[in-house]
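Here is a short report on strands, sheets and nonpolar cores. Please keep the model open while reading.

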Amino acid sequence: MKVLPFTIPVPHDKTIIVQKDVLPHFYPHLHRHQEIQLMWIQQGEGTLIADNNMHRFRSNEIYWLGANQPHLFKSEASYFHPKSKKKVTATAIFFNPSGQLSSFFDLPEINTLKRFLQQHSNGFKIPQENVSEIANKIVLLNKSNGVSQMIHFIDLLRSIAAIPSLLPLSMSTQPQNYSENEGLRISNIYNFIMQEYEKPITLEDAANKAHMTPHAFCRYFKKHTRHTFLSFLNEVRINEACKKLTNSNSETIANVAYSCGFNSITNFNRVFKRITNQSPSEYVERYFNREAK
């Protein structure tokens, strides 16, 4: 099943689609589809863009993407190196509660699950303490078919719905109405910024990449992402900085700041605190304290 920007072909004889991929990297374009997607990342790391929000993702994490929620799992740059031997492995479940399953979700016995879907249209990440349980249920679903698969599907939804305090991936209240061409255009801009973030790229550079004037680009980018160019660039840089600060190479804060495109430590600290609500040193301390538990 090949995923195209913002569309996904669905077999006529399936209401629940289970897809396992082993690829050099994740699909590199911003896209959305009518189906809700449950994504178990078994191997891989990078940045998830959900609507206009960014999240770091790593191996053995599970994400729920709402119906029609624009998203992009952007693999780390090392996965795109010509000599890279890295692979990503993921199992995804797709289902459309407004399609053939709509009558199922209208059953009074399923009303609790239907409300859960409606309340979590902006997606969420499965808490790490629940990943093992949910992953085992995904495996069972993948191995079954027919009536057994539907039973495992209901059990999977019931288990996820029982998890308390699920935090949304995005605060967006309604999906953006992108066409496929707009989706490709926005994803190309995203990819450009995420590949060049460590360089002193300018608004003019991004506008040229989109074949637009700077003024037109500013209006277009803000309309489709609810970000200014600078706010998005800063979020990409801080997201990358968070990864570097917590990797095993023990880079200094100053080295991380400069390697992520900031030209002063003062500016880096100010932007970092504005985006994460903590200083770089506080972020590192809290991260490793959590890891040690």
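Which helix lies across strand 3 and strand 4? In this predicted model, helix 8 does, running at about 15 degrees to strand 4.

**The open sheet**

Strands 4, 3 and 6 form an open sheet in the order 4-3-6. The pairing is antiparallel. Strand 4 (53-57) and strand 6 (71-75) stand at the edges. Each has a single partner strand, so one side of each is left without a neighbour in the sheet. Neighbouring strands of this sheet are turned by 20 degrees against each other on average, direction ignored. Strand 3 (residues 46-50) is joined to strand 4 by five bridges. Within this pair, Thr47 has Arg56 of strand 4 as its bridge partner.

**Strand 5**

Strand 5 covers residues 61-65 and is mostly covered: five of its five residues are buried. In a regular strand, side chains alternate between the two faces of the sheet. In strand 5, both faces are covered. Glu61, Tyr63 and Leu65 are buried on one side. Ile62 and Trp64 are buried on the other. Strand 5 pairs with strand 2 (residues 36-43) and with strand 8 (residues 124-125).

The table lists antiparallel pairs with their bridges and one facing residue pair.

| Strand pair | Bridges | Residues opposite each other |
|---|---|---|
| Strand 2 and strand 5, antiparallel | five bridges | Gln37 and Leu65 |
| Strand 5 and strand 8, antiparallel | two bridges | Tyr63 and Lys125 |
| Strand 3 and strand 4, antiparallel | five bridges | Thr47 and Arg56 |

**The nonpolar cores**

Which residues touch the most other members of the largest nonpolar core? Of its 35 residues, they are Ile49, Tyr190, Ile193, Phe217, Phe232 and Phe268. Six helices each supply at least two residues of this core: helix 5 (180-196), helix 6 (203-209), helix 7 (214-225), helix 8 (229-245), helix 9 (253-259) and helix 10 (265-276). Helix 8 gives the most, with eight residues. This is the helix that lies across strand 3 and strand 4.

Tyr190 deserves a closer look. Not counting residues up to four places away in sequence, Tyr190 touches Leu30, Ile49, Asp51, Leu72, Phe221, Thr225 and Phe232. Ile49 and Phe232 are, like Tyr190, among the core residues that touch the most other members.

Apart from this core lies another, of 28 residues. Its members include Trp40, Phe116, Leu117 and Ala135.

Notes: Residues are numbered from 1 along each chain as its sequence is written. This is a predicted model: local features need pLDDT of at least 70, side-chain atom pairs count only at pLDDT 80 or more; totals for chains, interfaces and linings use all residues. Side-chain values use heavy atoms; hydrogens and water are left out. Buried means under 20% relative accessible area, exposed over 50%, partly exposed in between (1.4 Å probe, protein chains only). Helices (H or I, at least four residues) and strands (E, at least two) are DSSP runs, numbered from the N terminus. Two strands pair if DSSP finds at least two bridges between them. A nonpolar core is a set of buried Ala, Val, Leu, Ile, Met, Phe, Trp, Tyr and Cys residues joined through side-chain atoms within 4.5 Å. Contact means heavy atoms within 4.5 Å. Axes are lines fitted to C-alpha atoms, for helices over the stretch in contact, and angles run from 0 to 180 degrees between N-to-C directions.
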